[in-house]
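Reader: Can you walk me through the model I just opened? Keep it quick.

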Amino acid sequence: MTPEECAFQDRIDRGERIEPKDWMPEGYRKTLIRQIGQHAHSEVVGQLPEGNWITRAPTLERKQILLAKVQDEAGHGLYLYSAAETLGVSRDELTEMLLAGKMKYSSIFNYPTLTWADIGAVGWLVDGAAIMNQVPLQRTSYGPYARAMVRICKEESFHQRQGYSIMMTMARGTADQKAMAQDALNRFWYPSLMMFGPSDKDSVHSAQSMAWKIKINTNDELRQKFVDQTVPQARFLGLEIPDPDLVWNEEKGGYDFSQPDWSEFYEVLKGNGPCNAERMEARIEAWEDGAWVREGLMAHAEKRAAAHAAE
Amino acid sequence: MTPEECAFQDRIDRGERIEPKDWMPEGYRKTLIRQIGQHAHSEVVGQLPEGNWITRAPTLERKQILLAKVQDEAGHGLYLYSAAETLGVSRDELTEMLLAGKMKYSSIFNYPTLTWADIGAVGWLVDGAAIMNQVPLQRTSYGPYARAMVRICKEESFHQRQGYSIMMTMARGTADQKAMAQDALNRFWYPSLMMFGPSDKDSVHSAQSMAWKIKINTNDELRQKFVDQTVPQARFLGLEIPDPDLVWNEEKGGYDFSQPDWSEFYEVLKGNGPCNAERMEARIEAWEDGAWVREGLMAHAEKRAAAHAAE
Amino acid sequence: DAVLFETLLRVGDSALILGHRVSEWCGHAPTLEEDIAQANVALDLIGQATLWLGLAAEVEGAGRDADALAFRRDAGGFRNLLLAEQPNRDFAVTVMRQFLFDAWHAELLAGLAASTDPRVAEIAAKARKEVAYHLDRSETLVIGLGDGTPESHARMQAALTRLWPFTGEPFRGDATDAAAAEAGIAPDPAALEPGWRARVEAVLAEATLTLPDTARFRSGGRSGVHGEALGLLLAEMQFLQRAYPDATW
Amino acid sequence: DAVLFETLLRVGDSALILGHRVSEWCGHAPTLEEDIAQANVALDLIGQATLWLGLAAEVEGAGRDADALAFRRDAGGFRNLLLAEQPNRDFAVTVMRQFLFDAWHAELLAGLAASTDPRVAEIAAKARKEVAYHLDRSETLVIGLGDGTPESHARMQAALTRLWPFTGEPFRGDATDAAAAEAGIAPDPAALEPGWRARVEAVLAEATLTLPDTARFRSGGRSGVHGEALGLLLAEMQFLQRAYPDATW
């Protein structure tokens, strides 16, 4: 390590926040851009599976809650792109990397929402897993990122409760509704476990990221915590976790559970998930069809500025 | 009249058929092109209001019947364009005149189909009126047109019976269905009466067209015949014709009835009907979006022909 | 009270159906800011519809609620303006539709806020603040895109031409509107036109757009005679309530 | 007989859903000849679906009929191939989808025509003639448009790339398929692949199109796990039966 790098690591170790104007190693910057950018893209792409049910939400109240949620997600995307911009990369650059397939978004959004219960499951499980990942990031070393996380976590826990409320209504509803609830849990359980990423022993970047406090807990710790929190919730709903090997382990004070099929995880990551093509297509179309709008508004703003300058 | 014109009129008066290679006055040719072209366009545009319900037809059988009907209409379009082509105008030329607003189609198709009962009403009333117009045209003086009409009339009467069958089922169905049936009759009655055109005393072209046997009956005769046929059918359905002044006139052996609102007729003709814009847009989009298909198939056919020639 | 019930349906259905159309943009807007803004407008409109239809159901007293009105009526029972149900097409049509609607909606709500029925006045007072913001936004977009690039200008002009025929209906009252105005429940539709017209002309002028000289003839929403697009919209919107009639959600 | 019932649903649902997609073109095709041809294909497929689902209902013996199966099941109950439900997009996707489907459908029906169940064999024999014609037509179009202009070629290649991931599913059987094959009711799905593959390769070669080297991984139809588009298709298709459950039509 260079003296600069040592000093930087000391600041992090002391729990100081790194701010945009501070010196930072190139690797730290790049890793953060990748991580925050991916997170931002996930919020944006994450609008799509839930957006799929806005026009079919079963009551006016549920429709409003879902609209508000999807709106929040777009807002999270904004905060996060802003945080990324403090690292010297623009939102448009990040977007173009997404659309060119050079940046990822969370693989969970490559699974379809097939029934209204899926909207419940996404809120309960997917937002639940997201919160588990994000709460520690409120203490991440990079100031703008940590502050964005504080705002985001507050809203996410609200979303999770709304999702759980949908699941509750479905699980206590008609036989059809209960079947939809169970089916949603069956389909979203393992993909939710995948959200924490592969076991850290298989992960290249983890050690450095943890040293930099960009990553706070290991993937396996968080996954365990998620399972331990979620199993009793499922039982309370009267739903069954689709894992015959799930069992309480008194000794470790947590559940033993089956790992997801990691080959599926890598396939989805490669683009071979059920909705990868549809999600990218929707975003590319929105971007391309919207070009004239962005250009039109820009041109108008320039005319305005020129008129002002001339006054 | 020139000697040629006299001879031509004599042939018509004798009941002879005029064939494509025969000499004919320019006015006869032009009038026929306009009339056959309009009729062909009506078949093509007429696919749209019924097509609107194919994807929502309430049973598999009704769906098949409706698909077959719309398919027949496209087929009628083909016969009629072919008849028009014998007069020296191509289908593409006629289509481009339609899309440029230089040729008309039957105004009835500018009314929307709002419920499934409308599909019944279109079959019963619109096809009924069309048949009333078309049956005499089987004896029209221009051979290709008369022969096309023979084929068309056969199918149309089948369509009319199917439409009446839908109305019957609706009129004898639930209260909702009966209300839909009555509402469909209310909305389609006067537009159907308009299909015969304004009273002949207001029509410029009628006398010449009748002399040429391009037109066989007066508009008013046909309208009367339609009303006299339709009123008992409506009564049999238990539906009420939306005309408080409708009354049997013993002396003339037909019904007295209210005229449609002819100002509405002229507005729709001008483009101000409820669906004129939508119908033209749909056809323009089909034409423009289909250009690459037509060009692709043409290019392939030319390659094939060139390859054959080279062998 | 049949006049009040019908009046509430007319206001509520327009909000609901336009809110639905706007919500179709979710995740597909040209910018992230517009994703947020469109969702926000949809949310406001559907929230207003919930209040209007809830009051309508209460006035009707037939045991229905706002959800029953929204999800269990077929197209012929809807009373929204035809403008509100027009398909999104491109963003230009969406923005222009919103502006033409907002400019009317703001006038209407100003009138309803002075309703003799305090329940109507209360909902209108709340909705009015939201709609003032909608109008502000749609004006800004119409001006920005109308006076933007040649392409954005052309698209906005085309959108205006497409939607213009639907702008007569809001001001053409029937017997129910006359009775509602008479009773002081709602303003006379025709009385809203001068304010709307002045606003529209001013904004379109700033947007360098030309007022079409075509007829503003399309109507039918008041009597439930809609365009073909509404039935398809409802098939989607009402699916769950129709497919699972015994469920609560 | 659960295996027979399930087998019939799989065949019938694919015909119904593809027939529905094709019927969406009605009045919007690139030529009048195609309006007629698309309507004809839709008509054949929906007719076949009526027979398959009618027999399924009879086999089930639960008092349902073909219409109940078509109009009263939600998406999770449908057993169609994902290929069949893919949206039309442009005419290239429509034509390519038809060809990839027809080439499988012809192989399947040849197998079903030899079914040990005479009712199955009878329907298959009828359907087979129709599908031979469909395949003939879709081949001609794929070749004509693939080897047409640069634009038509590019569109057809893009359509092929888009749809290729869905072409593995038809040949990937499950326990039900194995039981049906065992009982001689239906051919083993995997056994249909060589014939399909040979046909597809020959036609695509003549069409100057390149076989994608991407994974043919999309599946789920057999177990009712569809794409998001199917729910929207059904909302439209089933509207009347859902909205007026007590009516006969």
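Author: What follows covers the chain interfaces and then a few single residues.

Author: This is a predicted model, so local features need pLDDT of at least 70 and side-chain atom pairs count only at pLDDT 80 or more, while totals for chains, interfaces and linings use all residues. Residues are numbered from 1 along each chain as its sequence is written, chains are lettered from A and ligands numbered from 1 in the order in which they are written, and side-chain values use heavy atoms, with hydrogens and water left out.

Reader: Start with A and C. How many residues of each chain are in contact?

Author: Chain A brings 45 residues and chain C brings 48. Contact means heavy atoms within 4.5 Å.

Reader: And how much area do chain A and chain C bury between them?

Author: About 4,000 Å², with 68% of it on carbon and sulfur atoms. Buried area is the accessible area (1.4 Å probe) that two parts lose on being put together, summed over both. On chain A's side, A:Thr55, A:Leu60 and A:Trp292 supply 20% of the area buried against chain C, more than any other three residues.

Reader: How many salt bridges across the interface of chain A and chain C?

Author: The rule finds four. It asks for a side-chain nitrogen of Lys or Arg within 4 Å of a carboxyl oxygen of Asp or Glu. One salt bridge joins C:Asp35 and A:Arg283, with the closest N and O atoms 4.0 Å apart.

Reader: How many residue pairs are in polar contact between chain A and chain C?

Author: The count is 16, both residues being at pLDDT 80 or more. A polar contact is a pair of N or O atoms within 3.5 Å; within protein, one must be able to donate a hydrogen and the other to accept it, and residues adjacent in sequence count only if both atoms are side-chain atoms.

Reader: Which helix gives the most to the side of chain A that touches chain C?

Author: H4(A), with 13 residues. By class, that side of chain A has 22 nonpolar, 13 polar and ten charged residues. Here Ala, Val, Leu, Ile, Met, Phe, Trp, Tyr, Cys and Pro count as nonpolar, Asp, Glu, Lys and Arg as charged, and the others, Gly among them, as polar. Helices (H or I, at least four residues) and strands (E, at least two) are DSSP runs, numbered from the N terminus.

Reader: Switch to C and D. What does the contact take from each chain?

Author: Ten residues from chain C and ten from chain D. The area buried between chain C and chain D is about 910 Å², and carbon and sulfur atoms give 62% of it. There are zero salt bridges across that interface by the rule. Two residue pairs are in polar contact, both at pLDDT 80 or more.

Reader: Which elements of chain C give two or more residues to the side that touches chain D?

Author: Helix H10 (228-237) and helix H11 (239-243) of chain C. H10(C) has the largest share, four residues. The residues on that side of chain C divide into six nonpolar, one polar and three charged.

Reader: What rotation superposes chain C on chain D?

Author: One of 180°, with 0.0 Å of shift along its axis and an RMSD of 0.0 Å. The two copies are thus related as by a two-fold rotation axis. Copies are superposed by least squares on the C-alpha atoms of residues with pLDDT of at least 70 in both. Also, 100% of the interface residues of chain C are interface residues in chain D, so the copies meet through the same surface.

Reader: Now single residues. Is A:Thr113 buried or exposed?

Author: A:Thr113 is buried, at 1% relative accessible area. Buried means under 20%, exposed over 50%, partly exposed in between (1.4 Å probe, protein chains only). A:Thr113 lies in the loop between helix H5 (91-99) and helix H6 (116-134) of chain A. A polar atom of its side chain is 2.7 Å from the backbone oxygen of A:Pro49. Leaving aside neighbours within four places in sequence, the residues in contact with A:Thr113 include A:Trp53, A:Asp118 and D:Glu228.

Reader: And where is A:Trp23?

Author: In the loop between helix H1 (3-13) and helix H2 (26-45) of chain A. A:Trp23 is partly exposed, with 38% relative accessible area. The side chains of A:Trp23 and A:Glu4 make a polar contact at 3.5 Å.
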